[in-house]
Amino acid sequence: MDILSQLWGGFAVAALPINLALIVAGCFAGTLIGALPGLGPVNGVAILIPLTFAFGLDATSSMILLSAVYYGCMYGGRISAILLNIPGDEPAIMTTLDGYPMAKKGQAADALAISGVASFIGATLATIGLTLFAPLLAKAAIYFGPADYFALYVMAFATIGGITGTDPRKTLLAALLGLMLGTVGLDPSTGVARYTFGSFNLYDGFDPIVALVGLFAISEILFFLEEKAHGGGLVPPGRVFPRLTRVKEGLGASLRGSIIGFIAGILPGAGASLGAVMSYSFEKRLSDKGTFGTGDPRGVAAPEAGNNAASGGALIPMLTLGVPGSGTTAVMLAMLISLNIQPGPLLFERSPDLVWGLVAALYLANFVLLILNLPLIGLFTRVLGMPAWILMPLVVAISYLGVYAITHAAFDLLVMVGFGILGFVLRKLDFSLVPVVLGLLLGMDMENNLRRALSISGGDFMVLFQSPIAIGLYAVTAAFLCFSLWLTRRSKEPEMPVSED
Amino acid sequence: MTDRLAGLFFLLLATGYVWLSAGYTAGFGDPLGPAIFPRVIGIPAILLGLTLMIWPQHSADWAGSAGLIRQATAIALLLGYALLLEPLGFVPTSFAAILGLGLLMGAPPVGGFLTAALAAPGLYILFDRLMGLPLPLLGTWFG
């Protein structure tokens, strides 16, 4: 009952006119960002953050807007996956497998409806899961001491991206690079300037927001310039109205996909892409009779439910522990930290309006998205014809104006471009960017917890390995690293792309 | 091959990073001091960089020469946009950047020109005038 009354309070926050407007705007923008190939949840949310700062939105409203965009992206990614055979964003890759064949058979309207309903089921179940499990995890996390937090951060860095088949050494190196970049600037405890090379511009360190826009939005431009997009050409939607019987065929797969996706989302390092991949392969193993890959409705429903559920699940570790499980939630964490709000167990006590307002907003966003994505789907299919040479330069201009509006410094624009080049090179070398972002974001807090633990023990490093929580976390970390090393040994060629969503 | 280079890069970077940390000292009673944490993260980075150099797993495929030229041009454009935004103002620099990047991405000349000509002032009006984000209209060179 406690949860219900708090949720009720959340709806009072979410129903404020400004927040309702942001939900609708976020859902619309998110579906659009998701549908347009080349723009995904991470870079979409990254370019929006400077704008939310510049408009002076408070933390609750900003989180509502960004989460609506995040959910919207998961709905929108399927549109171009089905009609163009190009995933609108990374998690939608699995949707192309059966979605595009359905569209070619003239069943595009069915495929869009099945995936729309599956998205709704996945996202709604995940939001219910978030409502139930996040407070529990937050309660448990209150018992964490400084040494445990240090261990938790070590685990987060070691495991993020760990099961996607990339070389775990690279994940660790990426995290360490992020941590190194995070130490640039004045040391908060002693006031010593570290790694600033005498430049006053660097005394405040790298602004994580500026770094994020560079890493995700600018590096995407450089990527785009080398690849030629190859899709199957826009398929005309065929019949206008979906058949209800086809939609029903996908319901079971949607439910199973939601549960798998939700669990994948909570795991550190696994984002929506992994949720979609796991849901699809499970459904294929369960019910494939040679129809998967040729336009089976269940092959459309499962990954869509999976990626939507995973995005809800990914919010749980970010809100309760302050350790995001995916790139997009890392970007949201950056925004909260910049607004002086430290996510973690105390967030639920100190800012119930933010937490429950956000949860309530997600329920509302799902209904808005269902309306946008079923009756109004035609709006978005028309945008798909927009050529990249219009879209991508606009993304650049909006990134520049957003970053300039919050920093008023041309120096930060150069930092942004620098991070863009860094992000491009790292991605080319098969390094994931999410650990870099996490390192940059969490480095200061990690160092502070280490300091706190050591000042309690009087400088004895053994304090780090004394609490049972910390030992447990190190054991999980070690097991995880061994498992992922074994995984990379087994398959030399990584099957999955580096996940950034 | 690229893994070996990446390993070497991380090795050099982390070595320099740890070496520089020796210069950071604080006189008063902080148990950790400003130099320890950089070592805690720098030393594993040195070791991991070393293993990546010795046992590489992956080699990146770079774009062909045309792609590399496009990317280098784009970087030059992006740097120019950043450096000239304040001196020249938002509208002319955005016009040039949108046009240049559009052409690099294969825009037809007229279409790219029209996009830039509409978008540069359009973004200024939308964000500065309607939404109140202060952007430099006329740069310091004209102001």
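**Contacts, burial and spread in a two-chain predicted model**

Tutor: In this predicted model, 49 residues of chain A are in contact with 55 residues of chain B, two residues being in contact if their C-beta atoms, placed from the backbone, lie within 7 Å. Local features need pLDDT of at least 70, side-chain atom pairs count only at pLDDT 80 or more, and totals for chains, interfaces and linings use all residues. Residues are numbered from 1 along each chain as its sequence is written, while chains are lettered from A and ligands numbered from 1 in the order in which they are written.

Student: Which element gives the most to the side of chain A that touches chain B?

Tutor: H18(A) does, with twelve residues. Helices are DSSP runs of H or I with at least four residues, strands are runs of E with at least two, and both are numbered from the N terminus.

Student: How do the residues of that side of chain A divide into nonpolar, polar and charged?

Tutor: There are 34 nonpolar, six polar and nine charged residues. Ala, Val, Leu, Ile, Met, Phe, Trp, Tyr, Cys and Pro count as nonpolar, Asp, Glu, Lys and Arg as charged, and the others, Gly among them, as polar.

Student: Why is A:Ala111 called buried?

Tutor: A residue is buried if 20 or more other C-beta atoms lie within 10 Å of its own, exposed if 12 or fewer, and partly exposed in between, with C-beta atoms placed from the backbone. A:Ala111 has 34 C-beta neighbours inside 10 Å and therefore counts as buried. A:Ala111 is found in helix H6 (residues 108–141) of chain A. Beyond its neighbours within four places in sequence, its contacts include A:Ile82 and A:Val300.

Student: What makes A:Phe197 exposed?

Tutor: A:Phe197 has 8 other C-beta atoms within 10 Å, so it is exposed. A:Phe197 lies in the loop between strand E2 (193–194) and H9 of chain A. Its phi is near 50°, a positive value in a residue other than glycine.

Student: How do you know that chain B is more spread out than a compact globule?

Tutor: The secondary structure of chain B comes to five helices and zero strands. Its radius of gyration is 23 Å, well over the 15 Å that the globule rule gives for 143 residues, so chain B is more spread out than a compact globule. The radius is taken over C-alpha atoms, and the rule is 2.2 Å times the number of residues to the power 0.38. The C-alpha trace of chain B spans about 55 × 45 × 25 Å along its principal axes.
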